[in-house]
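Me: I should like a close look at a single part of this protein, namely the salt bridges. Please describe the partners, their places in the chain and their exposure.

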Amino acid sequence: MKLAGAQANGYFAKPDPNSTGILIYGADAMRVALKRQQLLKALIGDKGEEEMRLTRIPAAELRKDPAMLLDAIKAIGFFPGPRAAFVEDANENTAETIIAALKDWQAGDAQIIVSAGALKPTSKLRKAFEGHKSALAVGIYDNPPTRDEIETSLREAGVTAPDRAVMDMLTDLARALDPGDFRQTLEKISLYKHGDNTPLTAEDIVANAPTSTEADVDDVLLVVGDGRAADIGPVMRKLQAQGVTAVTLCIGAMRHFRSLHRAAVDTSGRPQIWGPNRDKMLAQARNWGPAKLETALTVLTDTDLALRSAGQHAPAMALVERAFIRLAMLAAR
């Protein structure tokens with residue numbers, strides 16, 4: 001059977017303990033892993049692995065020893081409760097072994113949980129789970145998380161769902177971050193709100209949203225964005241002495257000015273900028289405007305191409321510094 005949308009999300013939260021198993025597949029390994037973790041936690045509980053009710057089988061090992069899966073689903077556990085045999089990173093090379101285990105499965109056996117990358121509709125693995133009367137197949141795609149999924153994540157993190165405005169802000173953050181980063185942010189928020197029963201606020205989100213790991217790089221980018229050309233040289237020399245490379249600066253600048261451009265063209269009233277520099281960056285976005293920011297991105301793209309060019313002999317840091325000065329002068333116009 002094939003599940004999708006709200007039906008799939010509901011199953012991940014409350015799986016059927018009598019099911020034969022489930023195939024979770026998708027191109028984004030992190031999204032697949034998070035759904036698989038949610039399912040296993042709901043199925044076997046927090047102590048399932050500790051009580052040896054979960055058998056992990058990497059696909060590479062299953063190819064070497066095809067009997068591993070059948071042995072795992074037929075094994076009798078020492079502790080009561082649902083059991084699961086989890087095959088990780090499955091593909092068509094392990095399809096026949098997994099399909100054989102599906103056919104041999106009987107009531108009381110451990111559930112067969114399989115994770116895989118992107119699978120075509122013609123995949124033997126997909127067809128086997130989709131066509132099975134008591135097994136399921138769920139495709140995980142790169143769609144932004146739904147409001148229900150975010151509320152579920154909040155509950156799991158022990159955070160009470162906020163009002164609509166703050167929830168909208170959290171939804172925007174979920175769309176801007178990778179799934180793993182968003183999950184870590186929720187865990188950080190849950191620790192931040194530990195013992196605090198007041199509703200989650202926008203300030204709480206900003207305080208816990210991920211920021212760049214290169215704080216010094218952020219500093220020079222704020223200088224550039226403010227149009228302070230005279231301050232760029234001293235900051236660049238300091239960064240160079242600390243070992244920061246020209247490529248790192250260029251990548252950071254591209255990220256910074258893309259964020260400014262997104263904020264400048266935003267029409268929702270909720271620009272997707274996060275971290276302690278949010279107010280400064282929003283002010284920069286207003287001051288620059290979309291047209292000048294597009295020019296800035298062109299300058300940075302040309303600089304990035306020059307840094308990667310085999311025929312470029314000028315010092316890399318000098319190229320980046322010149323680009324930053326051009327941008328600062330553009331901001332000051």
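**Salt bridges in the predicted model**

Reply: Arg-36 is buried, at a relative accessible area of 9%. In this predicted model, Arg-36 forms a salt bridge with Glu-88, and the closest N and O atoms of the pair are 3.8 Å apart. Glu-88 belongs to strand S4 (residues 84-90) and Arg-36 to helix H2 (residues 29-44), so this contact ties together parts that are 52 residues apart in sequence. Unlike the buried Arg-36, Glu-88 is partly exposed, with a relative accessible area of 30%.

A further salt bridge joins Asp-109 to Lys-74, with 2.7 Å between the closest N and O atoms. This pair also links distant parts of the chain: Lys-74 lies in helix H4 (residues 67-74), Asp-109 lies in the loop between helix H5 (95-104) and strand S5 (111-116), and the two are 35 residues apart. Here the acidic partner, Asp-109, counts as buried at 15% relative accessibility, whereas Lys-74 is partly exposed at 35%.

In the pair of Arg-56 and Glu-49, the closest N and O atoms are 2.8 Å apart. Arg-56 counts as partly exposed at 40% relative accessibility, and Glu-49 likewise counts as partly exposed at 43%.

Salt bridges also occur as a network, which links Arg-147, Glu-151 and Asp-168. The chain is divided into domain 1 (2-140), domain 2 (147-208) and domain 3 (215-332). Across the whole structure, the search finds 15 salt bridges.

Conventions: Residues are numbered from 1 along each chain as its sequence is written. This is a predicted model: local features need pLDDT of at least 70, side-chain atom pairs count only at pLDDT 80 or more; totals for chains, interfaces and linings use all residues. Side-chain values use heavy atoms; hydrogens and water are left out. Domain bounds come from an automatic or database domain assignment. A salt bridge is a side-chain nitrogen of Lys or Arg within 4 Å of a carboxyl oxygen of Asp or Glu. Helices (H or I, at least four residues) and strands (E, at least two) are DSSP runs, numbered from the N terminus. Buried means under 20% relative accessible area, exposed over 50%, partly exposed in between (1.4 Å probe, protein chains only).
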